Structures are given as structure tokens and as C-alpha cells.
Amino acid sequence: MRRPSLPTLTALIAALAAIGISALVVWNQISTTAPLSGGGAVINFAPSTEVGGPFELINGEGETVTEKAFLGGYSLVYFGYTYCPDVCPTELSNIVAAMDAMDPALAEKITPFFITIDPERDTPEVVKDYAAAFHPRMIGLTGDIDAIRDIAQSYRVYFAKAGEGEDYLMDHSGYVYLIGPDGDLATMFRPNADAPSMGGVLETFVSKSG
Ligand code: NI
């Protein structure tokens, strides 16, 4: 490679700085630590923050599922992988515990979703069985790697392979997203939020819309 000229380098550094700053702005919007209700279980985010969007994934029956699956009811969405040794099972159990802490009539209005960030190992059948083991109505979704990258990007989920060979692990972020009946993000929960507090926040949202 030719040695870059000084103006080229300056432009490059400026571009990288701009990317870094915009990433920081977004991160601050979704990770502000100011607690709302629910004992700090909820993450405050600026309404301008774009989270979510169109996607095309595959359910346990091999059928295509798009963002339209979120319309008309509340969806509680978690991104993880079935080989996860501890964090994912703990978080999914926590989500179910929060739903169990709710008035059953309100909990019924929420559909929990598990979306894999490890489609290489998490086939439709694998995500289906895994999700069903946590909650009878939990829907497991997978897809090709590009589709998973797209949805992870739109939900600002970080994931990366860690390690080599068949027993690799995945690093990933662990926020829980509540999507409203309009398909837009209603709120986000921190990883390992207190289940009864989370249930209380969920009840507040779900009871708002009849
Ligand atoms: Ni995990």
C-alpha cells in the first residue's frame, strides 16, 4: 500500500472520529442509567433512538416470520443462543418469572420471543425446542447469518464468536425489549432485572392498551 498523504490521513481520522461520536450518542441514548419506575429495571431511552425495524427470520416450523409478528400484541424479545452456558438460560428464566409475577390475564397479552445470534448451530428445530422449554408460548427464531446480522444491528445487539472449534461461545449483549402492539419499541429492560419489578412495569404497559 502506498503511504497515505497527510490530508488523506486527516480525513480518515475525522471520519473515524465522527463514527465514534455517533456511536457514543446512540449508546448514551439507550443506556442512560436514570431509573424510571420498576426499581431501575427499565432502561431510559430517548424516543428519537431508532431501535427495531423490518426483519425476515424463520420459526421452528421453518416458516418466514417478519416484523408483522409483533403487531397487535406485546412482544418481549431476547437475543441469545441455545449453547449459552449461563447468561441466556438465566435471563430467559427471569423473563418467564416476570411474566409469572403478572396478573395472568395481562401476561397472556405478551408473547415472548427468543432470537438466536448463533444461527450456525441454532437451527429452526433447536430454537423451537429451546424456547418451548422456558415457556409454552415462547417463539424461537433463527435465520441466515445476514438476516441475524441485520436484526441485531437494528436492535443494537452486539454479538461475536468467542473461541474456536465446535464448542465456541458467543459474546452478546443481553437487553430485553418490549415491543408494543404498533410494532415500536415500548421499553427496554437491563440484563438480570428484578423479575417482580419487571412484571410490574409490564403490567403497566399492557393494561394501558386494554
Ligand atoms: Ni447468552
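This report describes the fold, the nickel site and the salt bridges of a predicted model.

## Overall structure

The protein has 210 residues, of which 43% are buried. Its secondary structure consists of 6 helices and 10 strands.

Of the contacts between residues at least 6 apart in sequence, 68% join residues at least 24 apart. The accessible surface amounts to about 11,000 Å², and carbon and sulfur atoms account for 58% of that surface.

## Nickel site

Three protein atoms act as donors to the nickel ion: SG of Cys84, SG of Cys88 and NE2 of His172. Their distances from the ion run from 2.1 to 2.3 Å. Along the chain, the donors of the nickel ion are spaced as C-x3-C-x83-H. Cys88 sits in helix α2 (residues 87-100) and His172 in strand β8 (residues 169-172), so this pair, 84 residues apart, links distant parts of the chain.

Cys88 has a relative accessible area of 0% and is buried. His172 also counts as buried, because its relative accessible area of 18% is under the 20% limit.

## Salt bridges between distant segments

The structure contains 4 salt bridges. One of them pairs Glu61 with Lys128, with 2.7 Å between the closest N and O atoms. Glu61 belongs to the loop between β2 (56-58) and β3 (64-66), while Lys128 belongs to helix α4 (residues 124-134), so the bridge ties together parts that are 67 residues apart in sequence. Lys128 is partly exposed, at 36% relative accessibility.

Another salt bridge joins the side chains of Glu120 and Lys161, at an N to O distance of 3.5 Å. Glu120 is in the loop between β5 (110-116) and α4, and Lys161 is in strand β7 (residues 159-162); the pair links distant parts of the chain, 41 residues apart. Glu120 is exposed because its relative accessible area, 57%, is over 50%. Lys161, at 47% relative accessibility, is partly exposed.

## Salt bridge within helix α5

The side chains of Asp146 and Arg149 form a salt bridge with an N to O distance of 3.4 Å. Both residues lie in helix α5 (residues 145-154), and because they are 3 residues apart there, about one helical turn separates them.

Asp146 is partly exposed at 47% relative accessibility. Arg149 is likewise partly exposed, with a relative accessible area of 46%.

Note on methods:
Residues are numbered from 1 along each chain as its sequence is written. This is a predicted model: local features need pLDDT of at least 70, side-chain atom pairs count only at pLDDT 80 or more; totals for chains, interfaces and linings use all residues. Side-chain values use heavy atoms; hydrogens and water are left out. Donors are N, O and S atoms within 2.8 Å of the metal (3.2 Å for Na, K and Ca); water is not among the atoms, so sites may look incomplete. Helices (H or I, at least four residues) and strands (E, at least two) are DSSP runs, numbered from the N terminus. Buried means under 20% relative accessible area, exposed over 50%, partly exposed in between (1.4 Å probe, protein chains only). Contact means heavy atoms within 4.5 Å. Accessible areas come from the Shrake-Rupley method with a 1.4 Å probe; for residues, only the protein chains shown count as cover.
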